[in-house]
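The following exercises ask the reader to trace how strands and a nonpolar core fit together. Please examine the sequence and the structure before reading the solutions.

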Amino acid sequence: MNIWGLFLKLTGWKVRITAPRRDKTVICVAPHTSNWDFILGLCAYRSLGRKANFLMKEFWFFFPLSFLLKYLGGIPVAKRSKKANLTEEIITKFETSEYINLAVTPEGTRSKVERWRTGFLYIAYGAKVPIQLGVIDYSTKEIIVKDEFTPSGNIEEDMKFVKAYYATYASAGKYPEKFTV
């Protein structure tokens, strides 16, 4: 057992990641209601010897923190002009990288939102990679990534599918009142 798994075991968490290990995938994680989601998800993935990538504002990539963030899988995101297209940049990163498991939260924030972001669907479809569906379930203290699907390119229908999946985990977040599908 590595240090990541030991931390989870000592804190009572179980890892149930049965989705296939892939060199390239998008990992959709919801509900996202706490900063602990990042730490628990990172520990779970690392406990299995896998590395997940994540997007973070370029602002945080300063010396010496940048070394740690990049080691953990961080991908700096520069402040965008209206002409810049982050989705296209990430698709290109998928095409030019040997390994990228990009973890994203469709809500885009820990606060309650009515509209989920669709960028992860466009990225997975454009990069021709599957989406693995992850849950950090505080009610059972389990980190779960068991199901995956390949987006069809019909963003509206794909989002309906994703939201229906997560509707069964409506009370799983640390703060369930902050989550809505």
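**Exercise 1: Strand S6**

In this predicted model, S6 is mostly covered, with 7 of its 7 residues buried.

Task: Determine which residues of S6 point one way and which the other way.

Solution. Step 1: Ile131, Leu133, Val135 and Asp137 point one way from the strand. Step 2: Gln132, Gly134 and Ile136 point the other way. Step 3: Buried means under 20% relative accessible area, and all of these residues are buried.

**Exercise 2: Partners of S6**

Task: Establish in which sense, parallel or antiparallel, S6 runs with S2 and with S7.

Solution. Step 1: S2 and S6 pair in the parallel sense, over 4 bridges; Ile131 in S6 is the bridge partner of Val26. Step 2: S6 and S7 run antiparallel and are joined by 7 bridges, with Val135 opposite Ile144 of S7. Step 3: These two strands, S6 and S7, form a hairpin with 4 residues between them. In its turn, Lys141 has a positive phi of about 55°.

**Exercise 3: The nonpolar core**

Task: Identify which residues have the most contacts inside the largest nonpolar core.

Solution. Step 1: The core has 29 residues, and those with the most contacts inside it are Val26, Phe94, Phe120, Ile131 and Tyr166. Step 2: Elements that each supply at least two residues of this core include strand S2 (24–29), strand S6 (131–137) and helix H6 (155–167). Step 3: Apart from this core lies another, of 15 residues, among them Ile17, Ala52, Tyr138 and Ile143. Step 4: Beyond its neighbours within four places in sequence, Tyr166 has contacts that include Cys28, Trp116, Leu133, Val135 and Phe179.

Technical notes. Residues are numbered from 1 along each chain as its sequence is written. This is a predicted model: local features need pLDDT of at least 70, side-chain atom pairs count only at pLDDT 80 or more; totals for chains, interfaces and linings use all residues. Side-chain values use heavy atoms; hydrogens and water are left out. A nonpolar core is a set of buried Ala, Val, Leu, Ile, Met, Phe, Trp, Tyr and Cys residues joined through side-chain atoms within 4.5 Å. Buried means under 20% relative accessible area, exposed over 50%, partly exposed in between (1.4 Å probe, protein chains only). Contact means heavy atoms within 4.5 Å. Two strands pair if DSSP finds at least two bridges between them.
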